[in-house]
Amino acid sequence: MQNFRYYNPTRLYFGRGVVEHLPEAMNGTRRVLMVYGGGSIKRSGAYDDVVQALRQAEIEMVEFPGIEPNPRVGTVRRAIQEARAREVDAVLAVGGGSAIDAAKGIAVGAKSEADIWDIVMGRAEPASALPLYTVLTLAATGSEMNKNSVLTNEATAEKYGWSSEWAYPRASFLDPYYTRTVPKDHTVYGIVDMMSHIFEQYFHTVDNTPVTDRQAEGVLAAIIETAPKLVANLEDLKLRETILFAGTVALNGTLSMGVIGDWATHNIEHAVSALFDIPHAAGLAILFPHWMRHVHHVRPKRWVNLATRVFGLDPSGKDDEELALEAIDWLADFWRGLGAPSRLSDFGIGEAHVEAIVEKAMARRGPFGQFKTLTADDVRTIVRNAL
Ligand code: NZQ
Ligand code: ZN
């Protein structure tokens, strides 16, 4: 194992009705900036419950709606101005990963003299933040219990992740009931996203990691067992509950203990969605099997474990390579069976766009990826195969 430190300060409230505990978690808050997206929180019931809880606690609300999926830095800058002008003393995100990621930028940006994009790009370091709270309504990113945020600069068509200890939510409220209104496409995207987060951590080259590996395999198996049932029955709260919990565990640091994740496919996908504004996990569903085929010769035993322990494939009569390729096909079929897209051309992306994607993916730090370092040629091959 790699040496590691683990610290996660987010207090998690999970289950039906937990939003009633918002006041105790936000104790001492006088005025909060409530950040949300395009209005799904009114259909899911989250909005009414949050407003009621805040009123009871006599916390004044300043609403900031309109956070777009793939949240934009221009919107975050406007919200920072609003937070300062209205002198809020906390930020509350209600929604999916986009609302939460934007709220992280707002909480950090409101307390910093530097522009938030300079913080995203690592040109400035945050030294403080407004306290951040979240009510999650979509199972996918894990942003509710991690220090990551992904913002898009619409002026330069750049989409980058950034990370700061100051960006951890102080408390996050996860009620499966609010996720029952997530439509089929975003339910599937969420499932693909959380599975991809596990793969990004599972495909590592560190030795002697059976505890972390088995945890990852267990969470993957639970998602695989639950996902088809949920897609067939979107209002089943037990299935929603399982998927909601899985999304948090997939990216709250637990599955990174002692290993070094890869994150190459996320890097390529962020280049694609920076240029084409497609849903993050639609891009992952398309790209991940092609990344896998490109690197399947690295650490053959990991692929065998995935095939046999997680996907339940029969190894008899097959060598490691055959089993690896069968596992990758199995995954691509599984995602397609749920309704995920499988080709970039489904989004109008073709050969003419390949070089722009490669350039964007390489722009920040050159070759990337831990499981196998990808050069521009590798990225070109993966993207071409995904067209
Ligand atoms: O805007 P509203 O009206 O709320 O609608 C949203 C949006 O259209 C809707 N939605 C959310 N909850 C709903 C609902 N619709 C009905 N019922 C509900 N209960 O779903 C749509 C997508 O929402 P969004 O927040 O964009 O989705 P997601 O949670 O997948 O977040 C995606 C963003 O997170 C980033 C992605 O790149 C993308 O920008 N990521 C963040 C990560 C992190 N912070 O750790 C890691 C991820 O890898 C990812 O990159
Ligand atoms: Zn992701």
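When I say that two residues touch, or are in contact, I mean that they have heavy atoms within 4.5 Å of each other. Keep that in mind, and keep in mind too that what we have here is a predicted model.

Okay, let's start with Phe199. Leaving out residues up to four places away in sequence, Phe199 touches Leu220, Phe288, Met292, Leu306, Phe311, Leu331 and Trp335. Phe199 also belongs to the largest nonpolar core, which has 107 residues. Along with Met195, Trp291 and Trp335, Phe199 touches the most other members of that core. Which helix gives the most to this core? That's H11, residues 280-295, with 10 residues. And the core draws on both domains, with at least three residues from each of domain 1 and domain 2. There's a second, separate core as well, with 24 residues, and Val32, Ile41, Leu54 and Val94 are among them. As a general point, nonpolar side chains in soluble globular proteins tend to be buried together.

I've mentioned domains, so here they are: the assignment gives domain 1 as 11-179 and domain 2 as 184-386. Their centres, taken over C-alpha atoms, are 27 Å apart. How many residues of each domain are in contact with the other? It's 28 from domain 1 and 25 from domain 2.

Now for a pair of helices. H7 covers residues 184-202 and H9 covers 237-250. They pack at an angle of about 35 degrees, and 9 Å separates their axes. The crossing, as H7 passes H9, is left-handed. Who meets whom? On the H7 side you'll find Thr187, Ile191, Met194, His197, Ile198 and Gln201, and on the H9 side Arg240, Ile243, Ala246, Gly247 and Ala250. Sort that contact by class and you get six nonpolar, four polar and one charged residues.

Remember Gly247 from H9, because it comes up again with Glu144, which touches it. Glu144 sits in the loop between strand E5 (132-136) and strand E6 (148-153). Is Glu144 buried or exposed? Its relative accessibility is 1%, so Glu144 counts as buried. Besides Gly247, its contacts beyond four places in sequence are Thr10, Ile100, Thr134, Leu136, Pro169, Ser172, Leu174 and Thr248. For some scale, Glu144 and Gln56 are 88 residues apart along the chain, and 24 Å separates their C-alpha atoms.

Next, His270, which you'll find in helix H10, residues 264-276. Why does His270 count as buried? The cut-off is under 20% relative accessible area, and His270 is buried because its value is 13%. Setting aside neighbours within four places in sequence, His270 is in contact with Val150, Lys159 and His280.

Last stop: a couple of backbone angles. Glu58 has a phi near 55 degrees, which is a positive value in a residue other than glycine. You'll see Glu58 in the loop between helix H3 (46-56) and strand E3 (60-64). Glu58 has 71% relative accessibility, so it counts as exposed. Asp277 also has a positive phi, near 50 degrees, and isn't a glycine. Asp277 lies in the loop between H10 and H11. How exposed is Asp277, then? With 43% relative accessibility, Asp277 is partly exposed.

That's the tour, so have a look at the structure and find these residues for yourselves.

Terms used. Residues are numbered from 1 along each chain as its sequence is written. Chains are lettered from A and ligands numbered from 1 in the order in which they are written. This is a predicted model: local features need pLDDT of at least 70, side-chain atom pairs count only at pLDDT 80 or more; totals for chains, interfaces and linings use all residues. Side-chain values use heavy atoms; hydrogens and water are left out. Axes are lines fitted to C-alpha atoms, for helices over the stretch in contact, and angles run from 0 to 180 degrees between N-to-C directions. Helices (H or I, at least four residues) and strands (E, at least two) are DSSP runs, numbered from the N terminus. A crossing is left-handed if the near helix is turned anticlockwise from the far one by less than a right angle, and right-handed if clockwise. Ala, Val, Leu, Ile, Met, Phe, Trp, Tyr, Cys and Pro count as nonpolar, Asp, Glu, Lys and Arg as charged, and the others, Gly among them, as polar. A nonpolar core is a set of buried Ala, Val, Leu, Ile, Met, Phe, Trp, Tyr and Cys residues joined through side-chain atoms within 4.5 Å. Buried means under 20% relative accessible area, exposed over 50%, partly exposed in between (1.4 Å probe, protein chains only). Domain bounds come from an automatic or database domain assignment.
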